[in-house]
Amino acid sequence: AFLRKVHTLKGSAGMVGLHPIAELARAVEQAVGGLRTGRRAWSPALADAVSIALAALDGAVAATGAEGPPPDSVAAALRRLRGWGDPVRPGTAAGA
């Protein structure tokens, strides 16, 4: 249910031109998607990155009626999630 909601947010944000929100939702979807498939193990660092991203998404969605760029928290959360989108299970070589 969680990934379905993130996926829906990603698509909806993209359709109405809220590309920073869509990009962050996509990063969350990719980072957490590896857990579902078993390609990534849960870790405190991943939990922190996802928690920060969800808070940033919440703030960005709340600010959608405001003019101007999305909150800085969206870009910061996206930077933090980079690297989590290409899951590698512990003990395996990247790209193997």
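A nonpolar patch, as the term is used here, is a group of residues such as Val, Leu and Met, each with over 30% relative accessible area and no salt bridge, whose nonpolar side chains are joined within 5 Å. The tour of this predicted model opens with one such patch.

**The surface patch.** Select M15, V16 and L18. These residues make up a nonpolar patch on the surface, and together they have about 330 Å² of accessible area. Within the patch, L18 sits in the loop between α1 and α2. L18 counts as partly exposed because its relative accessibility is 31%.

**The whole chain.** Now display the full protein as a cartoon. Four helices and zero strands appear, and the order along the sequence is α-α-α-α. The protein has 96 residues, of which 30% count as buried. Its exposed area is about 5900 Å², and carbon and sulfur atoms supply 57% of that area. Among contacts between residues at least 6 apart in sequence, 67% join residues at least 24 apart.

**From K5 to E29.** Select K5 in helix α1 and E29 in helix α2. The two are 24 residues apart in sequence, and their C-alpha atoms are 9.5 Å apart in space. Which of them is buried, and which is exposed? K5 has 64% relative accessibility and therefore counts as exposed. E29, by contrast, has a relative accessible area of 18%, so it is buried; the cut-off for a buried residue is under 20%. To see what surrounds E29, add L3, V6, H7 and K10 to the selection: E29 touches each of these, when residues up to four places away in sequence are not counted.

**Q30 on the same helix.** The next selection is Q30, also placed in helix α2. Q30 counts as partly exposed because its relative accessibility is 35%. Add R82, which is 52 residues away along the chain; the C-alpha atoms of Q30 and R82 are separated by 9.9 Å.

**Helix α4.** Select residues 72-81, which form helix α4, and colour its buried residues: V74, A77, L78 and L81. Viewed down the axis of α4, these buried residues fall within an arc of 100 degrees, so they line one face of the helix. In general, an α-helix has 3.6 residues a turn, so residues three or four places apart point the same way. On the other side of α4, the residues D72 and R79 are exposed. What do the buried residues of α4 pack against? Their partners are α2, residues 19-37, and α3, residues 44-62. Just after α4, select G83, which takes a positive phi of about 100 degrees.

**The nonpolar core.** Return to L81 and show its neighbours. Leaving out residues up to four places away in sequence, L81 touches L24, A27, V28, A31, A49, V50 and A53. L81 also belongs to the largest nonpolar core, which has 23 residues; L24, V28, A53, L81 and W84 touch the most other members. Two or more residues of this core come from each of α1 (2-15), α2, α3 and α4. Which helix gives the most to the core? That helix is α2, with eight residues.

**Last view.** To finish, keep L81 and E29 on screen together. L81 is one of the buried residues of α4, while E29 is a buried residue placed in α2.

Note on methods:
Residues numbered from 1 in each chain as written. Predicted model: local features only at pLDDT ≥ 70, side-chain atom pairs only at ≥ 80, totals over all residues. Heavy atoms only, no water. Buried < 20%, exposed > 50% of the residue type's maximum accessible area, 1.4 Å probe, protein only. Arc of directions from axis to C-beta. Contact = heavy atoms within 4.5 Å. Core = buried A, V, L, I, M, F, W, Y, C linked by side-chain atoms within 4.5 Å. Patch = residues over 30% accessible without salt bridge, like charges linked within 9 Å, V, L, I, M, F, W, Y side chains within 5 Å. Areas by Shrake-Rupley, 256 points an atom, 1.4 Å probe, with all protein chains shown as cover. Salt bridge = Lys/Arg side-chain N within 4 Å of Asp/Glu carboxyl O.
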